[in-house]
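Trainee: I should like to take a close look at a single part of this protein. Would you please take me through the core and its surroundings?

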Amino acid sequence: LDSVRARLEANSRADELRALNENLERLVEERTGKLLENEARFRAVFDKSPAIVALISLRDHRLVEVNAAWEAAFGIERAAAIGRTSADLGLWVDTE
């Protein structure tokens with residue numbers, strides 16, 4: 001009788017863990033979908049903004065991303081700018 005009870009409890013725990021795992025997988029899928037939607041919205045605003053926008057790494061001051069307005073203003077294509085600093089690209093004027 002005890003072994004039957006133990007098996008039933010183990011099966012019950014396994015069923016509970018399966019249900020929790022399925023719920024967690026559903027939540028991850030939902031949140032991943034929302035994250036992708038938000039990323040697409042940000043990308044659209046970033047790319048279509050008439051303002052010159054660049055994302056720059058705080059650590060090494062390298063360009064991480066630039067928008068079309070930035071490319072037009074500086075005459076440098078995105079592919080040539082990403083990973084480089086503004087100094088590398090000659091965008092700073094030396095006043096000395």
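Mentor: What follows sets the chain as a whole beside its core and two individual residues. This is a predicted model, in which local features need pLDDT of at least 70 and side-chain atom pairs count only at pLDDT 80 or more, whereas totals for chains, interfaces and linings use all residues. Residues are numbered from 1 along each chain as its sequence is written, and side-chain values use heavy atoms, with hydrogens and water left out.

The protein chain holds 3 helices and 2 strands, in the order α-β-β-α-α from the N terminus. Helices (H or I, at least four residues) and strands (E, at least two) are DSSP runs, numbered from the N terminus. The radius of gyration of the protein chain is 26 Å, well over the 12 Å that the globule rule gives for 96 residues, so the chain is more spread out than a compact globule. That radius is taken over C-alpha atoms, and the globule rule is 2.2 Å times the number of residues to the power 0.38. Along its principal axes, the C-alpha trace spans about 90 × 30 × 20 Å.

Buried residues account for 14% of the 96 residues in the protein chain; buried means under 20% relative accessible area, exposed over 50%, and partly exposed in between (1.4 Å probe, protein chains only). The largest nonpolar core consists of 6 residues: Leu63, Val66, Trp70, Ile76, Ala81 and Leu89. Such a core is a set of buried Ala, Val, Leu, Ile, Met, Phe, Trp, Tyr and Cys residues joined through side-chain atoms within 4.5 Å. Not counting residues up to four places away in sequence, Ile76 touches Trp70, Glu71, Ala81, Leu89 and Leu91, where contact means heavy atoms within 4.5 Å.

Consider next Ala69, which is found in helix H2 (residues 68-74). Ala69 counts as buried because its relative accessibility is 17%. With residues up to four places away in sequence again left out, Ala69 touches Ser49, Pro50, Ala51 and Ile52. Ala69 and Glu22 stand 47 residues apart in sequence, and their C-alpha atoms are 45 Å apart in space.

Finally, His61 lies in the loop between strand E1 (54-56) and strand E2 (63-66). Its relative accessibility is 53%, so His61 counts as exposed. Although His61 is not a glycine, it has a positive phi of about 65°. Most residues other than glycine have a negative phi.
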